[in-house]
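Q: Can we go through this structure together? I'd like to start with the cysteines.

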Amino acid sequence: MGTSVEEPSTEANTPAVVPCPLAEYCAYFLRLGTFGFGGPIALAGYMQRDLVEERRWITKEDYVEGLALAQLAPGPLAAQLAIYLGWVRGGVLGATLVGAAFILPSFLMVLALSAAYVRFGGIGWMQGAFYGIGAAVIAIIARSVVKLVKMTLAQDRLLWALFIANGLVTAWTESEVVWAFLLSGVVTGFVRGRPEPSVATAVLGLSPLPLWAITGLHGVATATTLGKIVWFFAEASAFVFGSGLAIVPFLYGGVVDHYHWLTDRQFLDAVAVAMITPGPVVITVAFIGYLAAGPLGSVGAAVGTFVPCYLFTVIPAPYFRRYSQNRAIKAFVSGVTAAATGAIAGAAFVLGKRALVDVPTWILCLATLLLISKVKKAPEPLVILAAGIIGLTLRSVMG
């Protein structure tokens, strides 16, 4: 499990892995969960930049394998990638601690925003902030896509073809199509390696609780509602592939149309909260859970969402890694990774259509892209904060 990480790389130009205490490793993910803006695409880019390129705590191969597994397994991409990279350096304990460190900061922030939302009603000011933040986020995502392309595709024509195809599919369908990832892996496996046989890879007990812990927008929630929340979000995590953004349409159908926990306006507010807070975008489930059933509903939604993605990462990780050096498996992974990178580029296009709605947002996006491209150490949280302030100012001026 951990031995191959310490072995010298077989590539002459690949630097050795730098040792890192697990506490320091977890501290990085705690900071990323606290200050990492931009959603799953940008967060994956930050991990690649910080852990592979700058600190060299993770090899390029481990990162690429983690990205491929995160795309193949159902659930939120950024959280699964973080959990896999935690497993690489510290086994199950590392995966558990990294996952908690990455998710907990944004969960607590959303919990506080949810309480304010229920107490004071609505978050109209966030829409103004998101007007600017969305434009800056698109620039950060675009920069991350460029880096991923350089790292995963190189000059490989087949991988470029799969990248383009998956980018077009994602842009056209506005969702990530898992069969396209699998087909891309099969194609590269067939072309570059003869396939070989390989291994394929709770009950909520309620004690008497204070009413505030189970009170949402519609009053005190019943045990049935809490059970439905946990089950619904577990189902969403287990059967929706792709990034946290890919889960949004599934959530809308259940939360608004089926269960009527939220209105259209409240659901859009929930998505806005996820986009303007750091950490995984899928943390929007905590906001939805709070509005439906108070703090305990928030916890239930988060548990239902993240426990399946944790299991879908940790359980297959040893087998995925053990067979990753097999020629056919390596070809399969390279195809899936190219497909994932193409899907991320396609998702950036889809998000761009919704965030870049006028001349000011285009100018803000291009200015942000120029800044983060030219200034190597430009702090993304400050860039996001500045964009939010600019967005609020522009919205107030434009009425």
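A: Sure. This is a predicted model, where local features need pLDDT of at least 70, side-chain atom pairs count only at pLDDT 80 or more, and totals for chains, interfaces and linings use all residues. Residues are numbered from 1 along each chain as its sequence is written, and side-chain values use heavy atoms, with hydrogens and water left out.

Q: Is Cys20 buried or exposed?
A: Cys20 is buried, at 16% relative accessible area. Buried means under 20%, exposed over 50%, and partly exposed in between (1.4 Å probe, protein chains only). Cys365 is buried too, at 6%.

Q: How many disulfides are there?
A: Zero. A disulfide here is a pair of cysteine sulfur atoms within 2.5 Å.

Q: Why no bond for Cys20?
A: Its closest cysteine sulfur, in Cys26, is 8.7 Å away, which is too far.

Q: New topic. Where does helix 12 bend?
A: At Ala293, by about 145°, and Pro295 follows within four residues. Helices are DSSP runs (H or I, at least four residues), numbered from the N terminus. The bend is the angle between axes fitted to the seven residues ending there and the seven starting there.

Q: How far apart are the ends of helix 12?
A: Its end C-alpha atoms are only 23 Å apart, although a straight helix of its 31 residues would reach 45 Å at 1.5 Å a residue.

Q: Why call helix 12 largely enclosed?
A: Because 24 of its 31 residues are buried.

Q: And what does Phe233 contact?
A: Beyond neighbours within four places in sequence, its contacts include Trp261, Val285 and Ile288. Contact means heavy atoms within 4.5 Å.

Key:
Helix = DSSP H or I, 4+ residues; strand = E, 2+ residues; numbered from the N terminus. Expected span 1.5 Å × (residues − 1).
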